[in-house]
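Please open the model in a viewer and keep the sequence panel visible beside it. The tour proceeds by selections, each followed by a description of what is found there.

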Amino acid sequence: MTTAAPPSQDILKPHLAIDGGHSLQGELKVSGAKNSALVLMTASLLTAERLTLHNVPPLTDIDGMENILVSLGVKVHRRSETVELEASHLTSAEPPYDLVNGLRASFFAIGSILARMGYAKVPLPGGCRIGARPVVEHIRGLKALGASVSVEHGVVTAAVPGEGKRLKGASIVLDCPSVGATETILMAATLAEGTSVIENAAQEPEVQDLANLLNAMGARITGAGGPTITIHGVEALHGCEYSVILDRIEAGTFLLAAAITRSRLRVAPVVPEHLNAVLQKLRDCGCELEIDGDGITITPGTIKGVDITTQPFPGFPTDLQAPFMALLATASGTSVITEKIYENRMQHVAELQRMGAAIRIQGSTAIVEGVPSLSAAPVNGTDLRAAAAMVLAGLVARGSSQVSGLNHLDRGYAGIEAKLRACGAVLERHLP
Ligand code: EPZ
C-alpha cells in the first residue's frame, strides 16, 4: 500500500487518515437536518413558552447556536438529540459578535428577535470562502415590514418605530430566492399586524420545515415550499414539540460515498422528494436506486460523466456540488459542472487535483475528465462540503490520505467517521 509522504504542515493539523480502496456494505444512517435545526432553534425566540425540538443533529454548529441563544437569555436544555428551548425572559437583543461571526444561520435570528422585542442588533455574518453572501434581501424584507434598519460598523440594527408597536404585514418580492432571507422574513411576519406575502421565496425543504414548525406554534402560513408564501400575522405564538426533518445533504453525501466506492449500500432514513435532482443525476451517471419505505438502496454500475448545474431548490443543490465532483473525478468520460449559486465554490478542485483528478476551471464551470483512479494525498477541506468531498475522494484514492479541515466537517456531519467505519471504511481521526 503506497502512502503519500507526510507533508510538512498538514500532518500537524487534526485530520482523518483514510485508507482508500475498501468497498462499503450495510446501511448509512441519516441524522436531522443541520440547515433546518439551526433556524428552528431561532424560532424559540418568538414565544415565551417552551419549544422542544427532536432529531437535532449533534453538531458543532448546534453548539454555537445554543451559545448564541443562551447569550440572549434563552434557557436551553439538550438531551441527546432533543433540545428544549425556553425564551420566557429574554435579557438581550444583541447576540455578541464573537458568537455570531462563525455561524451564518444566527443572523436569521434577527427576524425573530425583532418581532418579539421590537428591536434587534445583530453583527453582519460576513462573507466566507465560498462567496460574499450578502444579507441585502433580509434587510429589504425587514424594512418592508416597517422596521427601521441601519448598518454601521458591521452591525445591523433594526427597530419597530414607536412604543411597543408591531411590525406591519407587507408584500415583498425577493430579488433572489434566498433561503436565509425567506426564513428571516417568515419569522418576523408571523407576529406582524396584518398579512404578508413573500414572492420569489426560497422553496428549499428547510423553509417548509420552518413554516410547519411556526404553524405548529400557532402561526398562519400557507404556500411554504412554493414560490409564494402568505403569512397572516397573529398576536402571539405558543410552544410545541416538533421533529426536525432529515438532512438531505448528508443523505446525498452518503449516496455518493456508495457510488464512489462502487458499493451497494442502503441510506436511511431519507425523504426522496427532497433529493429528486440528485437522484436523477445518480441514475444518469450509472447508479441503480431502489426507494423502499424510508430508505434508498443504491447499486452503482459503471460510472459515467454527467453535466450538473447548481440551482435553487428543486434544482440541483449547491451543497452537493463538491461531493458529486469527487465522484465524477473517477467516472469514465467528461462532466461539466457549473456553480450558479456561489461565486467562489470551486476551492475543492485544487485539492482533488492533488489526488490526480483531471479538472479544468473556466469561470464558474469545472470540466472534469474522469481518471481511472485517484492517488492518496494530504488534502484540506476548505469549507464544509469541500471537506466532505475530500473524505469521499479519500475513500477511493490508492493509499492513505490525510483529510484536514475537520473544523468544517464537524459542522455538518455528525459522527461521520463512525458511520462510515460501521460500513467497512478504514479511517481514523488523528488529533496531533
Ligand atoms: C443556506 O444559506 C444554507 N445555509 C447553505 O448551506 C446553502 O448553500 C444555501 O442556503 C443555498 O441553498 C443554511 O441554511 C444555514 P442564500 P443562505 O441566502 O441562506 C446570494 C452548507 O454548506 N444572496 O440562499 O445563506 C448569496 O450570496 C451551507 O450547509 C444574495 O445575493 O443562502 C448566495 O450566492 C453553505 N443576496 C445565494 O444568494 C442576499 O441578500 C444563495 O444564498 C442573500 C443571498
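Select V267 and I296 to begin: I296, in strand 16, is the bridge partner of V267. The coordinates belong to a predicted model, in which local features require pLDDT of at least 70 and side-chain atom pairs count only at pLDDT 80 or more, whereas totals for chains, interfaces and linings use all residues. Residues are numbered from 1 along each chain as its sequence is written, and side-chain values use heavy atoms, with hydrogens and water left out.

**The four-stranded sheet**

Extend the selection to strand 14 and to strand 16 (residues 296–300), which pair in the antiparallel sense over 3 bridges. Strands here are DSSP runs of E with at least two residues, helices are runs of H or I with at least four residues, and both are numbered from the N terminus. Two strands are said to pair if DSSP finds at least two bridges between them.

Helix 8 (residues 248–260) should be displayed next; this helix packs on the sheet and touches strand 2, strand 14, strand 15 and strand 16. The direction of helix 8 makes about 30 degrees with that of strand 16. Helix 9 also packs on the sheet, touching strand 15 and strand 16, and its direction makes about 135 degrees with that of strand 15. Contact means heavy atoms within 4.5 Å. For the angles, axes are lines fitted to C-alpha atoms, for helices over the stretch in contact, and the values run from 0 to 180 degrees between N-to-C directions.

Now show the whole sheet. What is the order of the strands in this open sheet? The 4 strands follow the order 2-14-16-15, with mixed pairing. Strand 2 (27–29) and strand 15 (287–291) stand at the edges; each has a single partner strand, so one side of each is left without a neighbour in the sheet. On average, neighbouring strands of this sheet are turned by 25 degrees against each other, direction ignored.

**Two cis peptide bonds**

Select A268 and P269. The peptide bond from A268 to P269 is cis, with omega near -15 degrees. P269 belongs to the loop between strand 14 (265–268) and helix 9 (276–284).

Move on to F313 and P314, where the peptide bond is again cis, with omega near 10 degrees. P314 is placed in the loop between strand 17 (308–309) and helix 10 (321–328).

**An aromatic pair and the cysteines**

Select F316 and F324. The structure holds 1 aromatic pair. This pair is formed by F316 and F324 and is edge-to-face, at 5.6 Å centre to centre and 75 degrees between the planes. Rings of Phe, Tyr and Trp (its six-membered ring) pair if their centres lie within 6.5 Å; planes under 30 degrees apart count as stacked, over 60 as edge-to-face and the rest as tilted. Both F316 and F324 are buried. Buried means under 20% relative accessible area, exposed over 50%, and partly exposed in between, with a 1.4 Å probe and protein chains only.

Then select C287 and C285. Why do these two cysteines not form a bond? The sulfur of C287 is 4.4 Å from the closest cysteine sulfur, in C285, which is too far for a bond. A disulfide is a pair of cysteine sulfur atoms within 2.5 Å, and by this rule the count comes to 0 disulfides. C287 counts as buried because its relative accessibility is 6%, while C176, at 36%, counts as partly exposed.

**Helix 1 and helix 6**

Colour helix 1 (residues 34–42), which is mostly covered: 8 of its 9 residues are buried. Among them are K34, S36 and M41.

Select T184 in helix 6 (residues 179–190). T184 counts as buried because its relative accessibility is 0%. Leaving aside neighbours within four places in sequence, T184 is in contact with F108, I110, G111, H138 and L142.

**Two residues with positive phi**

R133 has a positive phi of about 50 degrees although it is not a glycine. R133 lies in the loop between strand 6 (119–123) and helix 5 (136–144), and at 23% relative accessibility R133 counts as partly exposed.

N200, likewise not a glycine, has a positive phi of about 60 degrees. Its position is in the loop between strand 10 (195–199) and helix 7 (205–216), and at 29% relative accessibility N200 counts as partly exposed.

**The two domains**

Finally, colour the protein by domain: domain 1 (9–31 + 247–430) and domain 2 (34–232). These bounds come from an automatic or database domain assignment. The C-alpha centres of domain 1 and domain 2 lie 31 Å apart. The contact takes 23 residues from domain 1 and 20 residues from domain 2.
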